[in-house]
Amino acid sequence: MKSHQELLSSTNFCVIVPTYNNQKTLKKVLDSVLNFTTNVIIVNDGSTDATSEILKSYSQLTQIHHPKNLGKGRALRNGFRKAIEMTFEYAITIDSDGQHFAADIPIFLEAIQEEPNALLIGSRNMTQENVPKKSSFGNKFSNFWFRFETGIKLDDTQSGFRLYPLRLLPKRFYTNKFEFEIEVIVRAAWKGITVKNIPIQVLYDPAERVSHFRPFRDFTRISILNTVLVTNALLYIKPRDFFRRAKKKGFKKFFLEDILESKDSNFKKSAAIALGIFIGLSPFWGFQTILLFALAALFRLNKVIAFLTSNISFPPFIPFIIYASLKIGSIFVPSDTSLFLDSSMTFDDIQKNAAQYIVGSLILASVSALSAGLISYLLLTAFSKKRTE
């Protein structure tokens, strides 16, 4: 294994330090980083305190000065652009508020030797003393949605101490504020870049640390971003990845190995089938895919099985499903209209009997889901026993 000095000299990296009104801690952070490298890019994001005066003492370092505050995301994006112009392969970002230790830089370099194309996020101990409750909650919130959007479980998705593989990142980004650090890791994961945590130290000093996170505005921005990312994940990314895996392996082999032979228990497989059937027959038109993946993620069920079985409501079956729902619903919701499955049944007829349809479809979906789940469980159990004999 290479020594820290060998790693520092052999890895083509720089350190990007975005800063905004952190005059109390900026000098300490820069001096600590300079103990490890002089490849430093400072992005002064329109600071109005003594930051500009402090940076005059570091004229040997590459500096970018924004005339006004543009947001952390824009600062990082401009830092990345400059780093690529300077032909660096990796960029380590470190916040200027003093919470991170530059002594952890070699840990990032060690980890990147094992996975050269990874995006590494420093994982902080969020249970230690002085960690703000809003930071701990925000991190858990972010971790949940990152896992939902990418399928990757991380302990810390909000740490600003990271290593980015510069030339593998998406070419365009759409956010400029704090939410950028969510956008970049989600979209990197969607590109197939490995995103993982590595443990780091952290210091929360209430006397020195200045946070520019604005709870209402920034939380709203993050929520809007997650809404967009979740929608994109459900409608495009997850179906795309499913078909890519199936095509690469061959649909028959994929079905046998990744679905039937998944590590899930027979109960969880049959539960996924039941969920798919229920959603496919339920009256949630337009929201079926989103609801399906949300419930599959919530109950940790096989999304592929659930998605496949939800297609029970593909076009040729829809008239029969609607008719069966209306007939079942008529048992519980009386109506003066008699419906027949022929050319005389119109959309207006269905609208007039909407209550019948909703009640009937929910009953049909529930009964069908329970029946399909039970039958599939019995078949899977029998199949498993046969294979072990």
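**Notebook: salt bridges and helix 13**

I looked up glutamate 85 first, and at 53% relative accessibility this residue counts as exposed, where exposed is over 50% relative accessible area, buried is under 20% and partly exposed lies in between (1.4 Å probe, protein chains only). I am working from a predicted model, in which local features need pLDDT of at least 70 and side-chain atom pairs count only at pLDDT 80 or more, while totals for chains, interfaces and linings use all residues. Residues are numbered from 1 along each chain as its sequence is written, and side-chain values use heavy atoms, with hydrogens and water left out.

I then checked the partner of glutamate 85, and found a salt bridge with lysine 82, the closest N and O atoms being 3.8 Å apart; the term requires a side-chain nitrogen of Lys or Arg within 4 Å of a carboxyl oxygen of Asp or Glu. Both residues lie in helix 4 (residues 72-85), 3 residues apart, about one turn of the helix; helices are DSSP runs (H or I, at least four residues), numbered from the N terminus.

In helix 2 (residues 26-34), I noted aspartate 31 and lysine 27, 4 residues apart, in a salt bridge with closest N and O atoms 2.8 Å apart. Aspartate 31 is partly exposed at 29% relative accessibility, and lysine 27 is partly exposed at 47%.

I turned last to helix 13, where Ile321, Ile322, Ser325, Leu326 and Gly329 are buried. They cover an arc of only 130° around the axis, which puts them on the same side of helix 13, the arc being that of the directions from the helix axis to the C-beta atoms. On the other side, I found Phe320 and Ile331 exposed.

Conventions:
Helix = DSSP H or I, 4+ residues; strand = E, 2+ residues; numbered from the N terminus.
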